[in-house]
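The following paragraphs lead the reader through one protein model, from its overall division to the details of one strand. Please keep the sequence and the three-dimensional view at hand.

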Amino acid sequence: MSKIIVRGGRTLKGTVRVHGAKNSVLPILAAALLAEEGSSVIHDVPALDDVKNILQVLAALGVHAQQSDGSVRLQAESLTSHEAPYELVRKMRASFLVMGPLLARLGKVKISLPGGCAIGTRPIDQHLKGFEAMGAEIGFGQGAIEATVNGKLRGARIYLDVASVGATENIMMAAATADGTTTIENAAKEPEIVDLANYLNAMGAIVRGAGTGVIRIEGVERLHGVEHHVIPDRVEAGTYMIAAAITGGDVYVEGAIRDHLGPVVAKLEEMGAVIDCDENGIRVRASHPLRAVDVKTLPYPGFPTDMQAQMMTLLLVADGTSIVTETVFENRFMHVDELIKMGAEIKVDGRTAIVTGNAKISGASVCATDLRAGAALICAALAAEGSTEVTGLHHIERGYVDIVSKLAVLGADILRAPSPEELLEEAEQAQLQPANLLQHLEQQQQQPQRPAAKADVGVLNVQATLA
Ligand SMILES: CC(=O)N[C@H]1[C@@H](OP(=O)(O)OP(=O)(O)OC[C@H]2O[C@@H](n3ccc(=O)[nH]c3=O)[C@H](O)[C@@H]2O)O[C@H](CO)[C@@H](O)[C@@H]1O
Ligand SMILES: C=C(OP(=O)(O)O)C(=O)O
């Protein structure tokens, strides 16, 4: 089993650069299916497992993709299938976002139900309600959805019962080439929705109001490929801001956009951290003790549910008791039990967690149960006394590029110990002979690789950067 090993107690200092947003790039890659002519080139594509996965889904549908240096060129002129493979959709909920574009392009789609996950049941009723309103006929069988449209999708007025990010995106994509105008009411307002709308508009779509609660999409005949730069990942940025604060550090998060991180900045300031924002990023300085604060997650522009676990971890070291309320997902406190193993005192009652501050956090063996739970455990480990081993890395690697390298460059004592399977794969790739293979594996296991600083992680003197 691979694991991240952290020896806590180091103060983080320096500069870390954020990658392109996972939650933007996934819908944008799905939207590339809509280009009937020309190629799309998407820049600032993070090297994440989720991106690999959605590219596999697109390949199975007939999209040609070429990747180089953080960019992907996609050619979707001739699609060859309307069936998104079960094995791939099952791995990642966001692959359900190909449903809208496939309905629009081919008038039919077969896709497995994405199912729930650790953080909640995550139904897709709002996506389907939107497609039905636009004229799609939807059938279910053997865990899959089959939908067809007689002719073209038709514009409709759709009120979402919950301001779902995925449903807003799926419906926007389906509506881009529908007959007539679609209005989405109670639409999600996340920055990733705006990024998707900007990409669609550059492709020739007419999407107005993205970023507000009412989005209007005037259907056009066809869309074409374009170049697009994905926005920086606000959740990755927020995670490094928390990592800085929890270690009493001084970190410049390059690429962080203040307007996308309003509630995180506000809460850190309420706690007593000093935040300086400029057009290139956000600097966080914190000295302990920090003040306890209450946090309630809400759809954007409220406090993001994707930052709740990391924020809860920071509240452990604050002075006083904090109340954390999770209103977006019904089961997003999975990190609590793991934090308790590290010495935290947290009581959960339904959707509320009462966090006792001034905790003495100590190293333990813990497991990431979902992506942000994993990030929270790494944050806790940075502040813990002693050594922490975090497993369940497949969750973390869905959403964080080079997290170990980035934290190491900031001064954390952190390394990633690969699993025997990963070592074997690495040795096979290096085409080692059987005799050398054993020796290679033994050496690797005795000395887990400390991450090398990657070219895109700068170690800059914060004083000099901000002077
Ligand atoms: C790839 C991606 O962008 N993922 C993000 C996206 O997920 P995702 O798009 O899946 O999240 P939604 O905004 O759809 O979900 C919000 C709430 O609405 C409910 N719901 C959703 C759809 C539906 O048809 N019916 C329904 O009841 C969900 O169960 C949940 O309680 O937004 C979430 C909320 O900000 C983030 O945590 C995820 O990181
Ligand atoms: C819940 C998340 O992502 P997804 O919707 O891809 O599961 C997340 O990014 O925290």
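What distance separates the centres of domain 1 and domain 2, taken over C-alpha atoms? In this predicted model, that separation is 30 Å. The domain assignment places residues 22-229 in domain 2, while domain 1 is made of two segments, 3-19 and 232-466.

The contact between the two parts may be considered next. From domain 1, 19 residues are in contact with 14 residues of domain 2. On the domain 1 side, the residues that touch domain 2 comprise 6 nonpolar, 6 polar and 7 charged ones.

Ligand 2 offers a second view of the two domains. Its shell draws at least three residues from each of domain 1 and domain 2. Asn-23, Arg-93, Ala-94, Ile-119, Asp-306, Leu-371, Arg-372 and Gly-399 are the residues around ligand 2. By class, this shell holds 3 nonpolar, 2 polar and 3 charged residues.

The nonpolar interior follows. The largest nonpolar core has 153 residues, and those with the most contacts inside it are Leu-33, Leu-103, Met-172, Met-241, Ala-245, Val-253 and Ala-380. Helix α12, residues 371-383, gives the most to this core, contributing 11 residues. Why does this core lie between domain 1 and domain 2? It does so because both domains give residues to it. Met-241 may serve as an example of the packing. When neighbours within four places in sequence are left aside, Met-241 is in contact with Val-253, Val-264, Leu-268, Ile-282 and Val-284. Of these partners, Val-253 is itself among the residues with the most contacts inside the core.

A closer look at a single strand completes the account. In a regular strand, side chains alternate between the two faces of the sheet. Strand β4, residues 39-43, has a covered face formed by Ser-40 and Ile-42, whereas Ser-39, Val-41 and His-43 make up its uncovered face. Which strands pair with β4, and in which sense? Strand β6, residues 71-75, pairs with β4 in the antiparallel sense over 4 bridges. Strand β16, residues 227-229, pairs with β4 in the parallel sense over 3 bridges. The two residues of the covered face each have a bridge partner in one of these strands: Ser-40 is matched with Leu-74 in β6, and Ile-42 with His-228 in β16.

Note on methods: Residues numbered from 1 in each chain as written. Chains lettered and ligands numbered in written order. Predicted model: local features only at pLDDT ≥ 70, side-chain atom pairs only at ≥ 80, totals over all residues. Domains from an automatic or database assignment. Contact = placed C-beta atoms within 7 Å. Nonpolar A, V, L, I, M, F, W, Y, C, P; charged D, E, K, R; others polar. Near = placed C-beta within 6 Å. Buried ≥ 20, exposed ≤ 12 C-beta atoms within 10 Å, placed from the backbone. Pairing = 2+ DSSP bridges. Core = buried A, V, L, I, M, F, W, Y, C linked by C-beta atoms within 7 Å.
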